Amino acid sequence: MRFDTLIRNGTIVTATDTYSADIGIANEKIIAIAARLPFDSADNLIDANHLLVLPGGIDVHTHLDMPFGGTTSADDFETGTTAAAFGGTTTLIDFAIQYKGQTLRQAFDTWMRKADGKAVTDYAFHCIITDLGSSPVPRSSRK
């Protein structure tokens, strides 16, 4: 088995267990966890001796590159996700704002463009709905 990265000698901490093991990573996914994995099968080796190896956190409430009160939030998707990664957060969920007259799809696409090429972690969006609009009632539902 070949690994892009091998994390050796770490103390793995999960929600239920703490144990010493190596972690083999390929194509950005953990593919093996074992007491000892062969280090010669890895392109990159990280020695985690005396370190804790934790799962990445998820921040479910962020405001990146968000206009507010005549200014914009301090962090964009590059600086915000970089700071998050340094703190152990590997996924964030930002707020995509739908402005009056926009569809939800337009709001989503706007925030996707803000993140494109800048985000260094995984991300998702909550939509702030400000203009739901009126939906016509289908003819079959009218009485």
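Trainee: In which strand is Asn-9 found?

Mentor: This is a predicted model, in which local features need pLDDT of at least 70, side-chain atom pairs count only at pLDDT 80 or more, and totals for chains, interfaces and linings use all residues. Residues are numbered from 1 along each chain as its sequence is written, and side-chain values use heavy atoms, with hydrogens and water left out. With strands taken as DSSP E runs of at least two residues, numbered from the N terminus, Asn-9 is found in strand β1.

Trainee: Is Asp-22 buried or exposed?

Mentor: Asp-22 belongs to strand β2. Buried means under 20% relative accessible area, exposed over 50%, and partly exposed in between, with a 1.4 Å probe and protein chains only. Because its relative accessibility is 1%, Asp-22 counts as buried.

Trainee: Which residue has its backbone nitrogen 3.0 Å from a polar atom of the side chain of Asp-22?

Mentor: The side chain of Asp-22 also joins that of Arg-8 in a polar contact of 3.4 Å, where a polar contact is a pair of N or O atoms within 3.5 Å, one of them able to donate a hydrogen and the other to accept it within protein, and where residues adjacent in sequence count only if both atoms are side-chain atoms. The backbone nitrogen lying 3.0 Å from the Asp-22 side chain is that of Asn-9.

Trainee: Which side chain does the side chain of Asn-9 join in a polar contact of 2.9 Å?

Mentor: Asn-9 counts as partly exposed, because its relative accessibility is 31%. The polar contact of 2.9 Å joins its side chain to that of Arg-36.

How values were computed: Helices (H or I, at least four residues) and strands (E, at least two) are DSSP runs, numbered from the N terminus.
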